[in-house]
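Please open the model in your viewer and keep the sequence panel beside it. The stops below each begin with a selection and then say what is to be found there.

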Amino acid sequence: MATDAAGFPVTRSPAGVVRSARSTRDLAVLDARISGCRACPRLVAWREEVACVKRASFRHEEYWGRPVPGLGPADARIAVVGLAPAAHGGNRTGRVFTGDRSGDWIFAALWRAGLANQPTSTHIGDGLQLTDVRVAAAVRCAPPANAPTPEERDTCSPWLARELALLPRLRVAVVLGGFGWTALWPVLAGAGYPLPRPRPAFGHGVEVSLEGPRGPLTLLGSYHVSQQNTFTGKLTEPMLDAVLARATELAATLPGPPPRP
């Protein structure tokens with residue numbers, strides 16, 4: 001597999017994403033392959049343009065300008081699935097949800113839930129560590145107007161499918177927003193989960209229990225931590241905390257991860 005100037009394996013087509021994702025056996029390798037993906041020309045052009053033009057307040061920073069991999073340990077029992085990186089957030093910092101207002105909300109909530117060691121996430125190397133939770137996005141590149149197309153969502157979905165498959169202890173998926181909710185269903189179907197019919201509609205606090213090849217999985221819906229929701233009060237801290245408290249309660253039905261050396 002060819003690599004780019006930074007050493008990341010390059011994938012250039014939807015079919016290549018499928019092959020590359022399915023053949024990955026390790027989260028670190030998957031993260032590297034995601035970081036080198038160039039399968040969606042519109043997203044590649046936008047993320048790189050943003051990284052070149054920059055926002056004035058970040059003009060002295062070097063932007064990541066690539067797809068953003070997930071964050072969190074392989075023994076996680078909880079996954080949090082968002083929409084896509086922000087143009088001047090994850091697309092700048094190289095870490096999912098890091099460096100923007102949405103990240104301020106989700107990492108503070110994970111800290112209150114006992115799933116993060118600190119409430120802030122500003123840059124790689126800031127000391128943030130997650131416990132028992134893996135955070136990812138349905139689409140890995142920052143999209144124009146925060147709106148990936150259905151084709152881009154589907155092209156990116158094998159990355160998410162493989163990431164979830166590499167979490168053997170996964171028991172709960174907290175889905176932020178309707179876009180992530182829609183994106184997750186075909187991923188789960190491909191992973192062997194029988195899906196309910198009709199498909200449950202998205203809503204804050206919606207809970208759906210599935211039985212799959214590795215045991216039970218519960219989906220929990222939450223309004224996205226976007227400023228559109230948090231500034232208007234559609235999503236409040238107690239609302240988000242309640243969803244994460246339910247996630248940790250459900251995850252506790254499986255024995256905790258072994259102590260780290």
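Begin by selecting threonine 24, which counts as buried because its relative accessibility is 1%, under the 20% cut-off for that class. The model is a predicted one, and the values given along this tour are computed from it. Threonine 24 sits in the loop that runs between helix 1 and helix 2 (27-35). Show its side chain together with that of arginine 33, and a polar contact of 3.0 Å will be found joining the two. If you then display the surroundings of threonine 24, leaving aside the neighbours within four places in sequence, the residues in contact with it are Val29, Leu30, Arg33, Arg162 and Leu166.

Arg162 leads on to the next stop, since this contact of threonine 24 also appears in the lining of the second largest pocket. Select that lining as a set: Val18, Ala21, Arg22, Ser157, Pro158, Ala161, Arg162, Ala165, Pro186, Val187, Gly190 and Ala191. The space in this pocket comes to about 270 Å³. Colouring by secondary structure will show that helix 1 (14-22), helix 6 (150-165) and helix 7 (178-190) each contribute at least two of the lining residues, with the largest share, 5 residues, coming from helix 6. Colouring by residue class instead divides the lining into 8 nonpolar, 2 polar and 2 charged residues.

From helix 7, follow the chain into the loop that leads to strand 4 (207-212), where proline 198 lies. Select arginine 197 along with proline 198 and inspect the peptide bond from the one to the other, which is cis, with omega near -5°. Most peptide bonds are trans, and most residues other than glycine have a negative phi.

Two further backbone sites can be selected with that second tendency in mind. Lysine 54, in the loop between helix 3 (41-53) and strand 1 (78-82), has a phi near 65°, a positive value in a residue other than glycine. Its relative accessibility is 24%, so lysine 54 counts as partly exposed. Alanine 145, in the loop between strand 2 (133-137) and helix 6, also has a positive phi, near 55°. Here the relative accessibility is 72%, and alanine 145 therefore counts as exposed.

Now select residues 69-244, the range that an unreviewed UniProt entry lists as "domain: Uracil-DNA glycosylase-like". Over these residues the chain is 32% helix and 16% strand, and a distance drawn between the C-alpha atoms at the two ends of the range comes to 22 Å.

The last stop is the largest pocket, and what lies nearest its centre? Select Ala86, Asp100, Ser102, Asn146 and Gln227, which have that position among the 25 residues of the lining. About 590 Å³ of space lies in this pocket. Helix 4 (90-93), helix 5 (101-112) and helix 8 (227-230) each supply at least two residues of its lining, and helix 8 gives the largest share, 3 residues. Colour the lining by class once more to finish: 10 of its residues are nonpolar, 11 are polar and 4 are charged.

Terms used: Residues are numbered from 1 along each chain as its sequence is written. This is a predicted model: local features need pLDDT of at least 70, side-chain atom pairs count only at pLDDT 80 or more; totals for chains, interfaces and linings use all residues. Side-chain values use heavy atoms; hydrogens and water are left out. UniProt positions are given in the numbering used here, feature names are shortened, and annotations may be inferred rather than shown by experiment. Helices (H or I, at least four residues) and strands (E, at least two) are DSSP runs, numbered from the N terminus. On a 1 Å grid over the protein atoms alone, a cavity is a set of points where a 1.4 Å probe fits but cannot get out, and a pocket is an open set with protein on both sides within 12 Å along at least five of seven lines; lining residues have an atom within 4 Å of a point. Grid points are joined across faces, edges and corners, and a volume is the space filled by probe spheres set on the points. Ala, Val, Leu, Ile, Met, Phe, Trp, Tyr, Cys and Pro count as nonpolar, Asp, Glu, Lys and Arg as charged, and the others, Gly among them, as polar. Buried means under 20% relative accessible area, exposed over 50%, partly exposed in between (1.4 Å probe, protein chains only). A polar contact is a pair of N or O atoms within 3.5 Å; within protein, one must be able to donate a hydrogen and the other to accept it, and residues adjacent in sequence count only if both atoms are side-chain atoms. Contact means heavy atoms within 4.5 Å.
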